[in-house]
Every structure is written in C-alpha cells, then in structure tokens.
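I am opening a fresh page for this protein, and I want to write down what I look up in the order in which I look it up.

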Amino acid sequence: MLGELIGEFKGKNTGWRVLPDGKIETTAQGTGKILGVDAFLLSTSVGTMANGIFMGESNSVFTTMDGETIMSKGIAIGYPSGNGGTTKAASIHTTQSQELARLNKVVGMHEYETDMTDNFSGKIWEWK
C-alpha cells in the first residue's frame with residue numbers, strides 16, 4: 001500500500017548510450033524535495049529494451065542544499081505512454097544524514113512521466 005508522498009522531482013534525461021553488450025544507459029538530473037528538503041537528483045539507469053519496454057536498475061544520489069547525500073538503488077520498468085513515457089520503480093536508500101535518517105528504512109515507490117523532449121516529473125511514495 002502506498003503511504004506518504006516523500007519526494008517530488010522535475011528534471012531532464014541528459015544522456016543516452018548503447019553499451020557494447022546491447023544494454024541501454026540513461027542519465028538524468030533534476031531538482032525537487034525529499035522529505036520536504038530541497039535537493040538535487042543525479043541518476044543513471046542501465047537495462048534492456050524489448051518490445052518497447054525498458055527494464056533495468058538505477059543508481060541515484062540526492063544531494064541537499066546543506067550537502068547531505070542520500071544514495072538510492074532501484075529497479076524500474078518504463079514504457080511509452082501518450083506523448084512520452086512512464087517509468088515506475090521501487091528503491092532503497094542509504095544516508096548518514098540525521099535529518100533524513102528515516103529513509104534508511106524506507107522502500108520508495110516511484111512514478112515518473114517523461115515528455116518527447118526528455119523532461120520528466122515524478123513522485124516518490126513510501127511503501128507501507
């Protein structure tokens with residue numbers, strides 16, 4: 001069951017690469033809030049594309065304006081929808097921040113929408 005909204009971010013997919021093994025790597029960056037704290041997001045996903053569906057893993061770092069960091073590891077699925085795409089993911093987090101320590105025990109459930117020019121907006125809920 002989805003619980004509290006814990007994050008909301010907007011940004012842009014900034015890079016795409018096809019790796020030698022045929023996997024696809026995407027990089028994104030954005031800004032928003034995590035547990036109400038302003039933060040910058042940097043994320044890289046690597047996965048496979050088959051029949052228009054992307055399945056892969058992501059590694060992300062959230063950096064607050066005070067320099068605190070949260071590392072996030074996720075697994076995601078993405079697919080075309082309307083004039084762009086939808087990505088849904090689940091993630092776990094690690095942080096040394098006292099203010100954000102609660103994230104060490106949270107599984108995040110993500111939903112992001114991306115438009116045709118690679119702009120994204122998304123939300124993260126706590127899985128209860």
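What percentage of the 128 residues in the protein chain is made up of buried residues? I note 38% as the answer, and I keep in mind that I am reading a predicted model.

**Entry: overall build**

I went through the secondary structure and found eight strands and zero helices in the protein chain, so that reading along the sequence gives me the pattern β-β-β-β-β-β-β-β. I then looked up the dimensions, and the C-alpha atoms fill a box of roughly 40 × 30 × 25 Å along the principal axes. The radius of gyration is 14 Å, and because a compact globule with 128 residues would have a value near 14 Å, I write that the two agree. Among contacts with a separation of 6 or more, 40% come from residues 24 or more positions apart.

**Entry: the core**

Which residues have the most contacts inside the largest nonpolar core? I listed Phe 9, Ile 34, Leu 103 and Ile 124, in a core that has 15 residues. Two or more of its residues come from each of strand S1 (2-18), strand S2 (24-34), strand S3 (37-50) and strand S8 (119-127), and the largest share, three residues, is given by S3.

I followed Ile 124 further, leaving aside its neighbours within four places in sequence, and its contacts include Glu 4, Leu 5, Ile 6, Gly 7 and Phe 9. Also among the contacts of Ile 124 are Ile 34, Phe 62, Gly 108, Met 109, His 110 and Tyr 112.

**Entry: two loop residues**

I looked up the backbone angles of two loop residues. Leu 35, in the loop between S2 and S3, has a positive phi of about 50 degrees, although Leu 35 is not a glycine. Is Leu 35 buried or partly exposed? Its relative accessibility is 22%, and because buried means under 20%, I enter Leu 35 as partly exposed.

Asn 51 is not a glycine either, yet I find a positive phi of about 55 degrees there, in the loop between S3 and strand S4 (53-64). Asn 51 has a relative accessible area of 81%, so I enter it as exposed.

**Entry: surface and charges**

I finished with the surface, where the accessible area of the protein chain comes to about 7500 Å², and 58% of that area belongs to carbon and sulfur atoms. For the charges, I noted 11 positive and 14 negative ones, whose mean positions are 3 Å apart.

Methods: Residues are numbered from 1 along each chain as its sequence is written. This is a predicted model: local features need pLDDT of at least 70, side-chain atom pairs count only at pLDDT 80 or more; totals for chains, interfaces and linings use all residues. Side-chain values use heavy atoms; hydrogens and water are left out. A nonpolar core is a set of buried Ala, Val, Leu, Ile, Met, Phe, Trp, Tyr and Cys residues joined through side-chain atoms within 4.5 Å. Buried means under 20% relative accessible area, exposed over 50%, partly exposed in between (1.4 Å probe, protein chains only). Helices (H or I, at least four residues) and strands (E, at least two) are DSSP runs, numbered from the N terminus. Contact means heavy atoms within 4.5 Å. The radius of gyration is taken over C-alpha atoms; the globule rule is 2.2 Å times the number of residues to the power 0.38. Accessible areas come from the Shrake-Rupley method with a 1.4 Å probe; for residues, only the protein chains shown count as cover. Lys and Arg count as positive and Asp and Glu as negative; His and the chain ends are not counted. The place of a charge is taken as NZ of Lys, CZ of Arg, CG of Asp or CD of Glu.
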